Amino acid sequence: MTSNIHDLTRQSDDVVIVGGGLAGLFCALKLAPRPVTLISAAPLGEGASSAWAQGGIAAAVSEGDSAEAHATDTVAVGGGIVDEAIALSLAREAGARIHDLLHYGVPFDRDLEGRLAVGREAAHSARRIVHVRGDMAGKAIISALIEAVRRTPSIRVIEGLVAESLLTEDGAVTGLQLRKAHDTAARPVIIASRAIVLATGGIGHLYAVTTNPQEARGLGLALAARAGAVIADPEFVQFHPTAIMVGRDPAPLATEALRGEGATLINNNGERFMQAIHPLAELAPRDIVARGVFAELAAGRGAFLDARQALGPRFAERFPTVHASCLAGGLDPATQPIPIAPAAHYHMGGVAVDARGRSSIEGLWAGGEVSSTGAHGANRLASNSLLEAVVYAARIADDVAGQQIAAPASLPPLLVVPHNNAMSAQAARGLRQMMSANVGVVRDGEGLAEAVRSFAALERGAANMTLRNMATSALLVAASAWSRRESRGAHFRTDHPAENPALAHRTKTTLKAAIEVAETLDAAGIRIPQPMTA
Ligand SMILES: Cc1cc2nc3c(=O)[nH]c(=O)nc-3n(C[C@H](O)[C@H](O)[C@H](O)COP(=O)(O)OP(=O)(O)OC[C@H]3O[C@@H](n4cnc5c(N)ncnc54)[C@H](O)[C@@H]3O)c2cc1C
């Protein structure tokens with residue numbers, strides 16, 4: 001193919017995977033020896049939530065546990081809208097995928113008899129979290145897979161390019177438009193492909209307080225939505241209740257296991273505020289604890305995780321990762337309470353996919369956190385996300401392998417003007433602050449309406465592709481949260497605090513529908529106090 005556009009197309013039947021986290025790497029390995037180009041915004045091993053996972057992967061692999069029990073637990077936390085058949089099939093495939101990971105060299109912890117060691121996490125009725133060296137699961141899994149990918153000649157890895165637009169023709173994908181990361185002056189480049197797998201992770205970094213890396217700002221979700229893909233459940237965002245507030249962005253995580261060990265949540269007055277909120281106090285479900293912490297902060301009473309009594313001098317040895325994060329922030333958790341806040345952590349919503357990982361656009365698959373399979377409903381069970389990433393990555397590889405992928409007839413045209421203004425740091429900061437303030441742990445109709453209108457204006461006007469894509473994803477989340485007039489799972493509205501049984505179903509939406517919500521609000525004349533500028 002010839003063109004004056006920089007063309008990265010290698011061969012006509014290349015499968016293009018966007019994302020170098022667990023879903024992307026695993027899918028590429030499963031497709032070998034078929035030619036694959038794997039594109040990652042950040043160098044492999046960086047900029048992926050997968051590498052930061054502390055807990056592990058949920059898998060019913062121990063004696064006495066079963067896939068049925070795992071599925072039951074998944075359904076129980078999902079706010080009544082988990083797709084039960086999907087949850088069961090996910091749990092059933094867990095053993096086979098753990099086996100694959102072992103084959104790729106992941107050194108899962110074992111017990112004295114050599115069996116996989118399994119840990120327990122909140123809301124799991126059995127010990128079923130496979131892990132590596134305590135809290136190092138993500139790092140160890142990703143390191144092993146990167147090594148395996150680097151050894152596989154059929155996989156071409158391109159690092160440092162950000163996908164900014166999906167190119168389509170007659171409802172089918174024809175390629176991707178990309179640009180060098182952190183270089184607004186760079187001209188866009190193009191890669192033609194009839195088979196594209198999105199594995200771009202979540203949206204946490206659209207929030208001012210998050211545990212997610214900077215690359216997790218919803219760009220993959222946005223480019224699918226802008227191409228017309230159906231998006232499912234975008235309003236459901238899980239907030240981790242105990243991000244450590246030591247001035248870092250993203251905020252380091254204080255794992256739930258600390259509360260399991262007896263650490264308490266206190267305010268400035270030393271009061272254990274969760275005791276008045278839930279019979280399980282600090283061990284209440286994640287969304288309830290997040291709202292409890294949020295309420296203390298909103299009331300100006302402060303919120304802290306106090307491990308002085310429960311762990312004291314044992315802290316460093318038991319929780320080395322958290323200990324190091326605290327020390328780097330200038331505090332000693334053995335002798336001082338840790339300042340905390342709820343942080344955007346995981347997106348249950350995403351590109352709607354079927355059981356094979358196919359989106360509504362021909363030739364576009366999505367796997368991992370960017371997708372929405374129905375397995376998590378309105379709230380995710382701990383350690384089910386890495387499981388979902390590997391299960392769907394394998395299914396996508398199977399599905400893609402069974403397809404005849406015809407070469408695009410010619411290089412697809414660029415979708416947007418090639419010039420890209422520098423991203424306005426102020427606009428990006430404003431978007432993130434508005435997501436946290438108006439579309440965060442506690443929401444209401446007025447704040448959501450303001451967010452919808454602001455994000456829609458930014459989506460229309462941004463002269464920087466990254467900012468525009470951030471606004472697209474933010475708009476999808478805010479518009480669906482505005483439309484869901486109830487509270488369910490991680491979605492809590494003060495103006496509709498109860499669950500509405502009539503709304504016990506998943507959301508299926510599009511960017512067009514979200515823009516229509518904004519237009520309706522514009523027509524109603526609801527004021528935007530501070531319009532965002534791009
Ligand atoms: C601190 C932390 C702890 C966690 N602990 C656990 C746990 O113990 N168990 C569990 O199951 N889950 C856990 N999760 C959630 C889990 O890690 C993620 O849901 C999962 O890793 C997502 O995998 P992924 O492959 O979909 O995305 P990621 O691992 O986030 O990878 C996304 C990739 O896409 C790339 N990318 C993004 N946008 C673009 C673009 N536009 N163009 C090109 N490349 C792009 C990124 O650079 C990255 O390579 C945790 C999350 C965090 C943040």
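**Exercise 1. Decide whether Cys27 is buried or exposed, and then do the same for Cys326.**

Solution. Let's start with Cys27: its relative accessibility is 1%, so Cys27 counts as buried. Please keep in mind as you work that this is a predicted model. Next comes Cys326, which has a relative accessibility of 0% and therefore counts as buried. To finish, look for disulfides: a pair of cysteine sulfur atoms would have to lie within 2.5 Å. By this rule the count is zero.

**Exercise 2. Find out how many residues of helix 1 are buried, and which ones they are.**

Solution. Helix 1 spans residues 22-31. Apply the cut-off for burial, under 20% relative accessible area. Nine of the 10 residues pass, which leaves helix 1 mostly covered. The buried ones are Leu22, Ala23, Gly24, Leu25, Phe26, Cys27, Ala28, Leu29 and Leu31.

Now step past the end of the helix. Pro33 sits in the loop between helix 1 and strand 3 (36-40). The peptide bond that leads from Ala32 to Pro33 is cis, with omega near 10°.

**Exercise 3. Describe what surrounds the ligand: which residues come nearest, and which helices and strands each supply at least two residues of the shell?**

Solution. Take the shell as a whole to begin with. There are 38 residues around the ligand, and Ser50, Gly55, Ala163, Glu369 and Ser385 come nearest. Sorted by character, the shell holds 16 nonpolar, 19 polar and three charged residues.

Then ask where the shell comes from. Helix 1, strand 8 (161-169), strand 16 (338-347) and helix 10 (384-401) each provide at least two of its residues.

Now turn to individual atoms. For Ser50, a polar side-chain atom is 2.4 Å from an oxygen atom of the ligand. For Ser49, a polar backbone atom lies 2.9 Å from a ligand oxygen atom. For Ala199, the distance from a backbone N or O atom to an oxygen atom of the ligand is 3.5 Å. As a last step, consider the cover: on its own the ligand has 1000 Å² of accessible area, and the protein covers 97% of it.

**Exercise 4. Place Leu223 in its helix and list what it touches beyond four places in sequence.**

Solution. Leu223 belongs to helix 5, residues 219-226. Its relative accessible area is 2%, so Leu223 is buried. The rest of helix 5 gives the context: seven of its eight residues are buried, namely Leu219, Gly220, Leu221, Ala222, Leu223, Ala224 and Ala225. After helix 5 comes Gly228, with a positive phi near 100°.

For the contacts, leave out residues up to four places away in sequence. Leu223 then touches Ala163, Glu164, Ser165, Leu166, Leu176, Leu198 and Asn469. Ala163 is also one of the residues that come nearest to the ligand.

**Exercise 5. Compare the settings of two charged side chains: where do Glu235 and Arg488 lie, and are they buried or exposed?**

Solution. Begin with Glu235, in the loop between strand 12 (231-232) and strand 13 (237-244). At 0% relative accessibility, Glu235 is classed as buried. Not counting residues up to four places away, Glu235 touches Arg443, Val477, Ser480, Ala481, Arg484, His491 and Thr507.

Arg488 is in the loop between helix 13 (465-483) and strand 20 (508-509). Its relative accessibility is 2%, so Arg488 is buried. The side chains of Arg488 and Glu486 make a polar contact of 2.7 Å. Farther away in sequence, the contacts of Arg488 include Gly79, Gly80, Ile81, Phe236 and Asn500.

**Exercise 6. Which backbone values of Ala123, His182 and the bond from Asp249 to Pro250 deserve a second look?**

Solution. First, recall the usual pattern: most residues other than glycine have a negative phi, and most peptide bonds are trans. Ala123 has a positive phi, near 70°. Ala123 is located in the loop between strand 5 (118-119) and strand 6 (129-130), and at 48% relative accessibility it counts as partly exposed.

His182 also has a positive phi, near 55°. His182 lies in the loop between strand 9 (172-180) and strand 10 (189-192); its relative accessibility of 72% means that it counts as exposed.

Last comes the peptide bond from Asp249 to Pro250, which is cis with omega near 0°. Pro250 is in the loop between strand 13 and helix 6 (257-260).

Terms used. Residues are numbered from 1 along each chain as its sequence is written. This is a predicted model: local features need pLDDT of at least 70, side-chain atom pairs count only at pLDDT 80 or more; totals for chains, interfaces and linings use all residues. Side-chain values use heavy atoms; hydrogens and water are left out. A residue is near a molecule or strand if one of its heavy atoms lies within 4 Å of it. A polar contact is a pair of N or O atoms within 3.5 Å; within protein, one must be able to donate a hydrogen and the other to accept it, and residues adjacent in sequence count only if both atoms are side-chain atoms. Accessible areas come from the Shrake-Rupley method with a 1.4 Å probe; for residues, only the protein chains shown count as cover. Ala, Val, Leu, Ile, Met, Phe, Trp, Tyr, Cys and Pro count as nonpolar, Asp, Glu, Lys and Arg as charged, and the others, Gly among them, as polar. Buried means under 20% relative accessible area, exposed over 50%, partly exposed in between (1.4 Å probe, protein chains only). Contact means heavy atoms within 4.5 Å.
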